[in-house]
Amino acid sequence: MTSIKRKSASNGAAQISDNAKTKQLQLEAFTEPKAPLLTTNQGLQIPDNHNSLKAGPRGPTLLEDFILREKITHFDHERIPERAVHARGSGAHGVFKPYKSMVQYTSAGFLQDPDIETPVFVRFSTVAGQAGSADTVRDVRGFAVKFYTQEGNYDLVGNNIPVFFIQDAIKFPDLVHAVKPEPHNGMPQAASAHDTFWDFVTLMPESTHMLMWTMSDRAIPRSLRMMEGFGIHAFRFINAQGVSHFVKFHWKPKLGVHSLAWDEAQKLAGKDADFHRRDLWEAIDSGNFPEWELGVQIVDEGKESELGFDILDSTKLIPESQVPVQLVGKMTLNRNPENFFAETEQVAFHPGHLVPGIDFSNDPLLQGRLFSYTDTQLSRLGGANFHEIPINRGVCPMHNFQRDGIHRMTIPKGRVAYEPNTLANGTEFRVDGAAQGFQSYPEQIESPKIRARSPSFDDHFSQATLFWNSQTTAEKDHIVAAFRFELSKVEVPDIRQRMVDNLAHVDIKLATRVFANLGISPPDAKAAAGRLGFRDYRITNKVASDEALSMLGKSGGGVKTRKIAILLADGVEPATFKPIVQALTNAGAVCKFVGPHLGTVSTASGKQLAVDHTFGNMPSIMFDAVLIPGGAQSATALCAIGDAVHFVLEAYKHCKTICALNEGVKLLASLGLTAGKNAEQVALPAAGVLVADARKVPEGQISQDFIAAIAQHRHWDRANVEAVPA
Ligand code: HDE
C-alpha cells in the first residue's frame, strides 16, 4: 500500500521560513511582468489604442476589428457574481506563529512548534451590504483566515461577534432574505433598520442574543484592526492519540477592542465609504502591522454538559469567566494584496477546509455551512477548479484524480486518472483506510433520523440577559439608542411591539427604555410568550455577568496609529504644539495638520507651515483626537470658519479627546458647550477635554495627559453630548 508522502510540518527551522515565503513566491509566479507595450491577449502588439478600425475616418466601425472586439468583450465579462453574503470585504496577507506546542490537544502541524511560521490570508467583511456599500454600517463583521499549512489549507471562517442569529442552517436563507434590501424596491442598502429584518427576527426569538450584540457598539468597529474574531461554533481538537476536546476559537486584537460612535459611523458611510479598508491598507503600508492573538477555550469531551447550555447551540457563547481563553499564538498582517480582484475577491473560504487534528462538532448551523461554501464558489468563481486560482492554492503538494472542468490550469501527466492503479508508477497504488492523513473523529452515533430541534436549544434569553448585565452604563445607553433607532425605521407598529415584548424577557428595564418614543404600548412579556413559535424556557446562567463581554474593559493599544488633528490657521504658535506632536509621534500616533486650505499657513512669526488636509476633506470623524494650538490670531480665525467650529463640536459630540492650548481655548469657548463659564473653564469638567496654558504647565505634562486621554479611546461618559448640534 502506498500513500502520498507529506512533508512533516515540524522538521526544522530552515524549512519554516521557506513555508512563509512559499505563498508569496507562489503568488509572484502568477504576477504579470511589466511590459512597455500593449498587446492583445494573444501577444500581438497593438499599434493604436485610441482608434477603432473604420471604413474611412468618418465611416462605420468594421466587424473585423478583432482588437476592438477582444477589448470590449473582455470588459463586458469583467464582473463575477459578488458573494451572496459578506460581499464587501478587505483582505491582507500575514503570518501566524504558535506560542507553544498544542500537541496535548491537537496534532495540527501548524500548532506544534513556535518556530513554524504559517502564511495566512485574511478577509474582513460586512455581511448585508453589496460589494460597493459603505464600511461603517451597523453590521456583523466577517473575520475569515486562511492558513496555508504544510498539511493543506485550514480556514477559520468566523465573525467579530461570538454568537449567531439562528440555530439551524435551514433558516439561513430566510435570515439573509430578511436583512437584505427588500425585494420589491431594492432598499435599504447595507442596513438592518427596516421592516423585513425586524419582522423576521421578532418571530425568531433565538435571534435575541445576537441582536443584543448587533445593537451594541461591536457592530460599528473603529477599525478592522481593533475587533475580536470568533469561530462561533464548537469545533474539535484531536491529538495524536485520537483524544478529542471541544474548542472555541477567539482572535484578540493587540490594539484593543474599540468602536465608533453611531452618529460618526453614519457620517463616515457618506464621507468615506472605504474608511475601514483605507485604515487597514494604510496601517500595513506604513509598517504598523496589525496583530491578533489566537485564543482557545477548551472543554473536555464529556464535560460539555456541565456548561449549563448546549455547546452545539451557536446562539450561545462560553463565558470566559467559566472557561478561560488560553492564548496560543499570534497572527501578524504584514502585506497588502497586489491586486484586489485576484486576491481579496477570488479568495474562497470554507469551514470544511480542515487539517488533521481539527474536526467539526454536530452544531447544526456549522453542518449546513459545510455544504454551502463550496457550492457558492461554483457560481461565484465559475466552476469546480477554483482551488487552482493562485490565492486559493495550498503551499503543500496536492494531488488527486479529479480532472478537467472549466478553467483547469494544471496539467496532470499520463493516462491514469483513477485509483487504484498499477499503470502510473508500475507498482500498485491504493489509498485504502490507512492511519495517515485526515481522520474524522469516530464519534459514536445511534439515533433515529428526525427533523426536529433538540429541547436543549429552547432557551433564547438567558445569555441575552448575561450580555446586558455585563455592559457598562455607557454601553447600555448605546444599546438602547440603537434599538430605538432601528425600530423607529420600522413602519409597522406591531413589529416594533413584538421586539419590545421579546426584550421584556431579557430585561424589563431595557425593554421599557427601548419602548419610549416608539409610539407603541409598554412591553408585555406575556404577550411575547403567547406568540406562535415562542418557547418560554429559561436556563440559569452559571455566571451573572462577565467582564469579557464588555468592550470597555478591552481597551489597549495606547495611542499607536491613532490619528490626531492639529487645527491650523494663520497666526498659529507652533511652539505650543511642537513638543506635543513629538511626544505623540514617539508614542506611535499619527499627527496631521488640518487647515482652511491646502498649501501652507503663516505662523505667528511669519514662517510657513505645510497643511496636510482641509477641514472639509478630512472632517473630525476621520480622527481620534483634536489639538487646538495657541496663537491669538489663529484662534480668532478658526472661530470664524464654520468647518473648523463644526470640527470641534463634532469631535466633542463623538466623545473624542480635545486639547486646547493657550488662546486656542477661545475656539472651545465659542461653541456654547457650557453656559456661564469663563474662557479658562470652558467645557470643563467634561471628560477628555483638556485645557492648558502651555506657558505655565511643566514641560511634558500636557503631552502626558493628552496621550493618556487619547489612549482611553473615547470618553463615553461625557455629559450632555445629545445637546450638541453637530
Ligand atoms: Fe457564512 N457564508 N454562512 N457564516 N460566511 C458565506 O460563502 C453560510 C455563517 C462567514 O470573506 C458564503 O464564500 C450559511 C456563520 C464569513 O469570503 C456562503 C450559514 C459565520 C464569510 C455562506 C452561514 C459565517 C461567509 C458567501 C448558516 C461565522 C465571508 C460567500 C448555516 C462563524 C468569507 C462565500 C469571505 C460567507 C453561507 C453562517 C461567516 C453563502 C449557509 C455562523 C466570514 O457560502
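Tyrosine 373 is located in helix α9, which spans residues 364–380. In this predicted model, the hydroxyl oxygen of Tyr373 is the single protein donor to the iron atom of the ligand, at a distance of 1.9 Å. Donors are counted within 2.8 Å of the metal, and water is not among the atoms, so the site may look incomplete.

Confidence in the prediction was examined along the chain. The mean pLDDT of the protein chain is 94, and 96% of its residues reach 70 or more. Residues 1–16 stay under 50, and for this stretch the model has 26 contacts beyond four places in sequence. The pLDDT is also below 50 over residues 675–681, a stretch with five contacts beyond near neighbours in sequence. Where pLDDT is low, the predicted coordinates should not be read in detail.

The hydrophobic interior was then considered. The largest nonpolar core comprises 52 residues, and those with the most contacts inside it are Trp198, Met212, Phe483, Leu503, Leu510 and Val514. At least two residues of this core are supplied by each of α3 (172–179), α4 (195–203), α5, α10 (462–469), α11 (473–488), α12 (493–503) and α13 (508–515). Helix α11 gives the most, with five residues. The surroundings of leucine 510 illustrate the packing: leaving aside neighbours within four places in sequence, leucine 510 is in contact with Met212, Trp468, Ile479, Val480 and Leu503. A second core, separate from the one described above, contains 39 residues, including Val594, Ile658, Val665 and Trp716.

Charged side chains form 40 salt bridges in the model. In one of these, glutamate 228 pairs with arginine 218, with the closest N and O atoms 2.5 Å apart. Both residues lie in the loop between α5 (208–214) and β5 (229–230), so the salt bridge ties together parts that are 10 residues apart in sequence. Glutamate 228 and arginine 218 are both buried.

A salt bridge is also formed by lysine 267 and glutamate 650, whose closest N and O atoms are 2.9 Å apart. Lysine 267 belongs to helix α6 (residues 262–271) and glutamate 650 to helix α17 (residues 642–653), so this pair ties together parts that are 383 residues apart in sequence. The two partners fall into separate accessibility classes. Lysine 267 has a relative accessible area of 22% and is partly exposed, whereas glutamate 650, with a relative accessible area of 3%, is buried.

In the salt bridge between lysine 696 and aspartate 693, the closest N and O atoms are 3.7 Å apart. This pair falls within the 4 Å limit and therefore counts as a salt bridge. Lysine 696 is exposed, at 70% relative accessibility. Aspartate 693 has 19% relative accessibility and counts as buried, because the class extends to values under 20%. Beyond individual pairs, a network of salt bridges links Arg88, Asp135, Asp272, Asp274 and Arg278.

The backbone geometry includes two cis peptide bonds that precede proline. Methionine 187 and proline 188 are joined by a cis peptide bond with an omega of about -5°, and proline 188 lies in the loop between α3 and α4. Glutamate 419 and proline 420 are likewise joined by a cis peptide bond, with an omega of about 5°. The loop between α9 and α10 contains proline 420.

Positive phi angles were noted at two residues that are not glycine. Threonine 561 has a phi of about 65° and is placed in the loop between α14 (525–529) and β11 (563–567). With a relative accessible area of 9%, threonine 561 is buried. For asparagine 662 the phi angle is about 45°. Asparagine 662 occurs in the loop between β17 (657–661) and α18 (665–669) and, at 11% relative accessibility, also counts as buried.

Note on methods
Residues are numbered from 1 along each chain as its sequence is written. This is a predicted model: local features need pLDDT of at least 70, side-chain atom pairs count only at pLDDT 80 or more; totals for chains, interfaces and linings use all residues. Side-chain values use heavy atoms; hydrogens and water are left out. Helices (H or I, at least four residues) and strands (E, at least two) are DSSP runs, numbered from the N terminus. Buried means under 20% relative accessible area, exposed over 50%, partly exposed in between (1.4 Å probe, protein chains only). A nonpolar core is a set of buried Ala, Val, Leu, Ile, Met, Phe, Trp, Tyr and Cys residues joined through side-chain atoms within 4.5 Å. Contact means heavy atoms within 4.5 Å. Donors are N, O and S atoms within 2.8 Å of the metal (3.2 Å for Na, K and Ca); water is not among the atoms, so sites may look incomplete. pLDDT is the predictor's confidence in each residue, from 0 to 100.
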